[in-house]
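Please open the structure in your viewer and keep the selection tool at hand. We will go from stop to stop, picking residues and looking at what is there.

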Amino acid sequence: MERIQELVDFAMEQAVDLLGVDSPSGYTKNAAERVMAVYRQMGYRPEMTVKGGVLVCLNPDAPEADSILLEAHLDTLGGMVKEISSTGRLHLTNLGGMNPNNGEAENVRIITRSGKTYTGTFQLKNASIHVNAKYNDTRRSYDDMEVVIDEEVRTPADVEALGIMTGDIVCFDPRTVVTPSGFIKSRFLDDKLSVAILLAQAKQAAAGDGSLNRRVWHHVTVFEEVGHGASASVPAGVTEALSVDMGCVGAGLGCDEFKVSICAKDSHGPYHYDVVSGLIDAARRAGADFAVDVYPQYGSDVEASLRAGHDIRHGLIGPGVYASHGYERSHRRGVENTLKLLDAYLA
């Protein structure tokens with residue numbers, strides 16, 4: 001295997017790059033094209049699916065039978081303009097599970113249908129605490145929040161003159177930071193960090209470092225946050241799919257930002273017993289620091305594949321990510337342990 005720290009460095013670099021490309025569900029083309037370019041640079045022949053995801057085979061000369069599909073999602077949480085208020089502010093509806101509590105006072109970008117981009121801030125209505133006596137008591141909901149546009153607008157006509165309209169995408173600033181101690185902090189590590197891990201695993205395979213014991217596919221999906229990312233584009237011969245997503249970190253769980261998580265069950269039910277057992281065995285063989293957990297509120301891409309009727313075994317792994325769907329944090333050691341697990345499981 002290529003020196004693991006070089007792969008971790010590559011994954012971290014790719015994560016930072018992808019986090020800088022806005023891609024809330026429904027607005028993912030730019031990020032998908034970035035991922036396509038990275039695969040091509042490594043010598044692969046990726047294809048863009050009809051839905052806009054990226055599908056690529058790492059070793060097409062391997063037998064088709066009993067192939068494995070690794071799924072990670074590129075789409076993130078975000079917002080959409082639902083209404084222009086009488087004062088020229090924007091009322092939003094969420095894309096995926098974007099929680100208004102976590103978005104308060106965040107800088108945003110408004111993407112118009114004409115391609116123009118405007119900036120703004122997602123604020124509580126009447127946001128000045130020196131004016132609003134109910135500031136502390138007001139529930140942070142989409143009904144009580146608005147985007148204040150960084151343009152001189154006071155009426156709906158002013159906003160419409162900019163080209164902003166209902167249905168425009170609103171992207172929240174990821175605020176990506178990599179610390180000297182190895183932490184990566186950002187919105188949307190779920191799941192761009194694991195997309196970067198798949199790119200690092202592809203880099204390893206392209207270099208001939210490590211062995212693949214069967215045909216391996218990658219599917220970078222673009223509608224996971226709204227539930228149907230991996231419902232299609234399962235290649236012929238695939239009998240197993242592994243969702244490479246974020247590992248949950250929180251009360252009652254064994255995972256932290258330094259480990260790779262192996263999920264035994266989430267809110268949709270248990271993962272395939274043999275797959276979970278195989279992942280545990282591979283983690284032990286690889287010397288990867290891991291935790292096996294049950295996620296109380298979670299759903300994954302691979303479950304969308306099952307709901308669509310695909311007859312496959314399924315599993316879920318990922319680096320530990322704290323504060324999911326908020327301002328998230330992981331660590332390069334979590335990336336390292338995920339790569340170690342993948343290398344051992346695919347060998």
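Is Cys 171 buried or exposed? Select Cys 171: its relative accessibility is 2%, so this residue counts as buried. Please keep in mind along the way that this is a predicted model.

**Stop 1: the cysteines**

Stay with cysteines for a moment and pick Cys 248. Cys 248 is buried too, because its relative accessible area of 11% falls under the 20% cut-off. Now show Cys 263, whose sulfur is the closest cysteine sulfur to that of Cys 248. Why is there no bond between these two? The sulfurs are 7.2 Å apart, which is too far, since a disulfide needs a pair within 2.5 Å. Across the structure, the number of disulfides is zero.

**Stop 2: a hairpin and its neighbour**

Next, select residues 177-178, which make up strand E10, and residues 183-186, which make up strand E11. The pairing of E10 with E11 is antiparallel and has two bridges. To see how they line up, click Val 177 and look across to Lys 185 in E11, which stands opposite.

Together E10 and E11 make a hairpin, with four residues in between. Gly 182 sits in that turn, and its phi is positive, about 100 degrees.

Now add residues 328-331, strand E19. E11 pairs with E19 as well, again in the antiparallel sense, over four bridges. Which residue of E19 is the bridge partner of Ile 184? Select Ser 330 to find that partner.

**Stop 3: from E11 into helix H5**

Follow the chain out of E11 to Phe 188, in the loop that leads to H5. Phe 188 is not a glycine, yet it has a positive phi of about 70 degrees. With 8% relative accessibility, Phe 188 counts as buried.

Move on to Asp 190 and Asp 191 and look at the peptide bond that joins them. This bond is cis, and its omega is near 10 degrees. Asp 191 has its place in helix H5.

Now select the whole of H5, residues 189-206. How many of its 18 residues are buried? The count is 15, so H5 is mostly covered, given that buried means under 20% relative accessible area. From first C-alpha to last, H5 reaches 25 Å, close to the expected 26 Å. Beyond the helix comes Gly 208, with a positive phi near 70 degrees.

**Stop 4: the largest cavity**

Rolling a probe the size of a water molecule over the atoms shows where empty space is left. A search of the whole structure turns up three cavities of 30 Å³ or more. The largest cavity holds about 60 Å³ of space.

To frame it, select its lining: Gln 201, Gln 204, Ala 205, Asp 209, Gly 210, Ser 211, Leu 212, Leu 342, Asp 343 and Leu 346. H5 supplies at least two of the lining residues, and so does helix H8, residues 332-346. Colour the lining by class and you will find four nonpolar, four polar and two charged residues.

**Stop 5: the largest pocket**

Where is the centre of the largest pocket? The pocket has about 520 Å³ of space, and among its 24 lining residues Asp 190, Gln 297, Tyr 298, Gly 299 and His 325 are the closest to its centre. Helix H7, residues 301-307, gives the largest share of the lining, with four residues. By class, the lining has nine nonpolar, eight polar and seven charged residues.

Zoom in on His 325, which is in the loop between strand E18 (313-321) and E19. His 325 has a positive phi of about 65 degrees, although it is not a glycine. Its relative accessibility is 27%, so His 325 counts as partly exposed.

**Last stop: Ser 141**

Finish in the loop between strand E7 (117-124) and strand E8 (145-149), where you can select Ser 141. Ser 141 counts as buried, at 9% relative accessibility. Add Asn 101 to the selection: Ser 141 and Asn 101 are 40 residues apart in sequence, and their C-alpha atoms are 7.2 Å apart in space.

Terms used
Residues numbered from 1 in each chain as written. Predicted model: local features only at pLDDT ≥ 70, side-chain atom pairs only at ≥ 80, totals over all residues. Heavy atoms only, no water. Pairing = 2+ DSSP bridges. 1 Å grid on protein atoms, 1.4 Å probe; cavity = no way out; pocket = protein on both sides within 12 Å on 5 of 7 lines; lining within 4 Å. Points joined across faces, edges and corners; volume = space filled by probe spheres on them. Nonpolar A, V, L, I, M, F, W, Y, C, P; charged D, E, K, R; others polar. Buried < 20%, exposed > 50% of the residue type's maximum accessible area, 1.4 Å probe, protein only. Expected span 1.5 Å × (residues − 1).
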